Structures are given as C-alpha cells and as structure tokens.
Amino acid sequence: MQMNLLQAVNNALDLAMASQSKMICFGEDVGHFGGVFRATSGLQEKYGRERCFNTPLCEQGIIGFANGLAAQGSVAVAEIQFGDYIFPAFDQIVNESAKFRYRSGNEFNVGGLTIRTPYGGGIAGGLYHSQSPEAYFTHTPGLKVVVPRNPYQAKGLLLAAIRDPNPVLFLEPKRIYRASVGEVPEGDYELPLGKAELVREGSDVTLLAWGAQMEAIEKAAELAQAEGISCEIIDLRSLQPWDADTVCDSVIKTGRLVVNHEAPRTSGFGAEIVATVQERCFLHLESPITRVTGLDTPFPLVHEAEYMPDHLKTFEAIKQAVRF
C-alpha cells in the first residue's frame, strides 16, 4: 500500500508494539498528541497510556529512563523530538547505552533500546532544528546508527532496529517525512542493518549518500547521464556498522567516488569513508575522492540553499571527478 515515510514509521511502531508486549514508546508529546510530526499518532489510544506516554522536557532523563527500562528487559523506543536536542542526552547515550554490555562483562545490556529522532535541514528550521549529528554517534563503539531514505526502508529498518540486540540510533530525515511516498508491504518485514543498497549501476563514478541526500545524488546522476556520464548510486542506510565492502567493490569498478552528507565537512562521516576507501582502493582510483557536504558553519537561519549540498553542487563534483 502507498505510505509516506512518516506513516511507515508509525506502521512499524504499531506492528512492533502488537508483536512485543514489553515494547514501550515515550518522549516529548508522543502520547495523545502523536509527537511533533505525528509519528506516534494513535498508539496511545490503541495500546494505552502505560505503553505510549509523554515525558518531561528533559532529554537526558528520557534516555536515562530508557536505559533503565531496557536493562530490565523492556523494549524501549525513545523519541528525541529533534536531532538537535539529542546533545543533552549525549552522556547517557555514549557513556551508558553504548557501554552497558561492555562494562558489565556481558552480564547486562540495553539491547532493547532504540532512539528515534528526526534530523537534517531543508525545512527552514534554522540552527536548532536542522542539524545532522550522525558523526558524533558513529564515533561511539557499541552503538548502531541507521538512516532510511524512503518509506519502504523506514519500516523495514525500524523493525530491524527495534529487534536488534544492540542499542540503535534511528535518524529520520524529516524534510522527506511526507514528501517521500512509495509502496510499502502491509505485513511485517525487516531490512538488514549494516548492509548498503546498490540503487543504480554505473561505470564512470560512484555516488554515495544516505537519508535525504539520496535525492540530491539521484538528481545529479540524471544531469550527468545527459552528458554521457554513467553514475553508480549507493545508499549506505547504516552508518555504524557501515558496508565498506559494497562501497569499495563499486569504487574498484568505477575508479571514482563522490560522497554527500548534510553535516559540516570537517570530521563528518564522509571523512571516515574517504579514509577507508583510499586505504583499500588506492591503486584503483582515477581521481581524488570528493566530498559534497554542508559548510563548516552553524546551520544558517537564512541562505539555507547556500549551505545545503544540493544536486547542482553534486553535479559539479561529478564533472570534476570524471575530467580529472
């Protein structure tokens, strides 16, 4: 059936709550209101206030509470209202959620924990509602980081994240919450975490992105095709762990790589990808690996278009890579 990305998230939560009596959803306004974007609409009415409820405005408290629930055997799905607000909970996530199993010598874990949060720009939300914080968390061993790009992925990856025996940070690209619409199976299914998707085969250059940036590289590939440039497109889907084998196999085939992400360039996750690919594919590279990213500035209140790594900037990077 047709769903947008937001409806697919809601559908996944509904199916998971129906199949797991210990699953609990909570966060700011997620109860009767259904969350700021309505991702949890109808869940409190269906499963009761004990399993879907509001929390105080305290992100550190939300994740601390989630850690305690998960450690006691509950399946905790916590919502942080915007990715920009996740930093007050940073200590709980990187020092507690991610290390719970390690520091207890595998006696205890919080594997039942999933943290959902909308992230990214493109909504004129300014500096407090537009950031892409993925790199902070991919630097944290013990934590999985997942980003869907469409409704099909959102449902399959979220169900897999909720059932994964490790804590998972699930970043939802809010710019395409309602804009991304597609066919989604009505039943239960999962997509593998840690496995990239080869979206389109090509021969001249590999384009790599995740989340809403997939739209930019797909548009850029169309522009390139009109000039006779064949682009191979990969959606990373999982950033921690990430599928280096699929990416490197593609780069060995095309000899070129362009990586897109919305976060600022310096220490962005693209830098980790570039380092790994040059280690494994150096003798196959026909041109320097290129990054098309956000700027090394706070996300702007105005001039958002100048900040965003769009399809036109990507098209220029493709041409530079091919003509090097």
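This is a short tour of a predicted model, from the whole chain down to single residues.

**Whole chain.** Start with everything selected. The secondary structure comprises twelve helices and 14 strands. Along the principal axes, the C-alpha atoms occupy a box of roughly 60 × 40 × 40 Å. The radius of gyration is 19 Å, which agrees with the value near 20 Å for a compact globule of 324 residues. Among contacts with a separation of 6 or more, 81% join residues 24 or more positions apart.

**Surface and charges.** Switch to a surface view. The exposed area is about 13400 Å², with 53% supplied by carbon and sulfur atoms, while 58% of the 324 residues count as buried. Colour by charge next: the 28 positive and 39 negative charges have mean positions 2 Å apart.

**Residues 3-179.** Select this range, which an unreviewed UniProt entry lists as "domain: Transketolase-like pyrimidine-binding". Helix makes up 36% of the range and strand 18%, and its end C-alpha atoms lie 10 Å apart.

**Arg38.** Go to the loop between β2 (23-27) and α2 (43-47), where Arg38 sits. Arg38 is not a glycine, yet its phi is positive, about 75 degrees. Its relative accessible area of 34% makes Arg38 partly exposed.

**Arg237 and Pro241.** Move to the loop between β11 (231-235) and β12, which holds Arg237. Here too a residue other than glycine has a positive phi, about 65 degrees. Arg237 counts as buried because its relative accessibility is 7%, under the 20% cut-off. Past β12 (238-240), the loop leading to α9 (244-254) contains Pro241. The peptide bond from Gln240 to Pro241 is cis, with omega near 0 degrees. Most peptide bonds are trans, and most residues other than glycine have a negative phi.

Key. Residues are numbered from 1 along each chain as its sequence is written. This is a predicted model: local features need pLDDT of at least 70, side-chain atom pairs count only at pLDDT 80 or more; totals for chains, interfaces and linings use all residues. Side-chain values use heavy atoms; hydrogens and water are left out. Helices (H or I, at least four residues) and strands (E, at least two) are DSSP runs, numbered from the N terminus. The radius of gyration is taken over C-alpha atoms; the globule rule is 2.2 Å times the number of residues to the power 0.38. Buried means under 20% relative accessible area, exposed over 50%, partly exposed in between (1.4 Å probe, protein chains only). Contact means heavy atoms within 4.5 Å. Accessible areas come from the Shrake-Rupley method with a 1.4 Å probe; for residues, only the protein chains shown count as cover. Lys and Arg count as positive and Asp and Glu as negative; His and the chain ends are not counted. The place of a charge is taken as NZ of Lys, CZ of Arg, CG of Asp or CD of Glu. UniProt positions are given in the numbering used here, feature names are shortened, and annotations may be inferred rather than shown by experiment.
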